[in-house]
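Okay, everyone, thanks for coming. Let me put the model up, and then I'll walk you through the pocket, the core and a couple of backbone oddities.

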Amino acid sequence: MKSLLFLSLFFLCSLSFAQSDKEVQTAIENLRIAMIDPSTEVLTQLTASNLSYGHSSGKIENREEFIEALVSGTSDFKTITLTDQTISFSGKKTAIVRHKLSGETLDGGKSNTVNLGVLLVWVKEKGDWKLAARQAFRL
């Protein structure tokens with residue numbers, strides 16, 4: 001009987017984390033798309049109000065600065081490919097994501113390619129996953 005109870009609890013916990021994993025993956029994909037085709041509304045929905053967005057250059061932006069840079073074209077991604085992604089959870093409301101980002105940019109009219117390592121921290125707020133922190137580094 002104890003074994004059956006343990007297996008049931010294990011299955012429910014696994015199912016819960018699998019659902020959370022899929023939700024975070026969806027949020028990451030939505031952010032990737034929004035960074036290529038930015039809209040203030042979508043980027044606001046995907047980010048926490050206290051966002052800390054760190055670039056590989058060392059520049060740090062808050063939520064408003066991050067969104068404005070994308071919407072204005074100051075930061076202009078033409079393509080973004082994410083690889084080698086891992087997602088781990090700290091409790092039920094915090095996800096830590098690592099991946100490699102490669103892409104093409106057109107910043108200030110200048111074409112460039114980027115190859116970065118990225119650390120993302122996502123938090124669950126009112127049932128939605130929001131990007132709370134991001135730090136990139138050159139590979």
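One bit of bookkeeping before the pocket: I'm counting Ala, Val, Leu, Ile, Met, Phe, Trp, Tyr, Cys and Pro as nonpolar, Asp, Glu, Lys and Arg as charged, and the others, Gly among them, as polar. This is a predicted model, with local features needing pLDDT of at least 70 and side-chain atom pairs counting only at pLDDT 80 or more, while totals for chains, interfaces and linings use all residues. Residues are numbered from 1 along each chain as its sequence is written, and side-chain values use heavy atoms, with hydrogens and water left out.

So, the pocket. On a 1 Å grid over the protein atoms alone, a pocket is an open set of points where a 1.4 Å probe fits, with protein on both sides within 12 Å along at least five of seven lines, and lining residues have an atom within 4 Å of a point. The largest one has a volume of about 370 Å³, taken as the space filled by probe spheres set on the points, which are joined across faces, edges and corners. Its lining has 19 residues, with His55, Ser56, Ser75, Asp107 and Val114 nearest the centre. By type, the lining splits into six nonpolar, eight polar and five charged. Strand 5 supplies the largest share, four residues; strands here are DSSP E runs of at least two residues, helices are H or I runs of at least four, and both are numbered from the N terminus.

Val118 is in strand 5 too. Is it buried or exposed? Buried, because its relative accessibility is 3%; the cut-offs are under 20% for buried, over 50% for exposed and partly exposed in between, with a 1.4 Å probe and protein chains only. Contact means heavy atoms within 4.5 Å, and Val118 touches, among others, Val97, Leu101 and Phe137.

Next, the largest nonpolar core: buried Ala, Val, Leu, Ile, Met, Phe, Trp, Tyr and Cys joined through side-chain atoms within 4.5 Å. Of its 27 residues, Val24, Leu31, Met35, Phe66 and Trp122 touch the most other members. Helix 1 gives the most, with six residues. Leaving out residues up to four places away in sequence, Met35 touches Tyr53, Phe66, Leu70, Phe77 and Ile80.

Last, the oddities. Most residues other than glycine have a negative phi. Asp84, in strand 3, has a positive one of about 50°, and Asp84 is exposed at 53%. Lys126, in the loop between strand 5 and strand 6, also has a positive phi of about 50°, and Lys126 is exposed at 87%.
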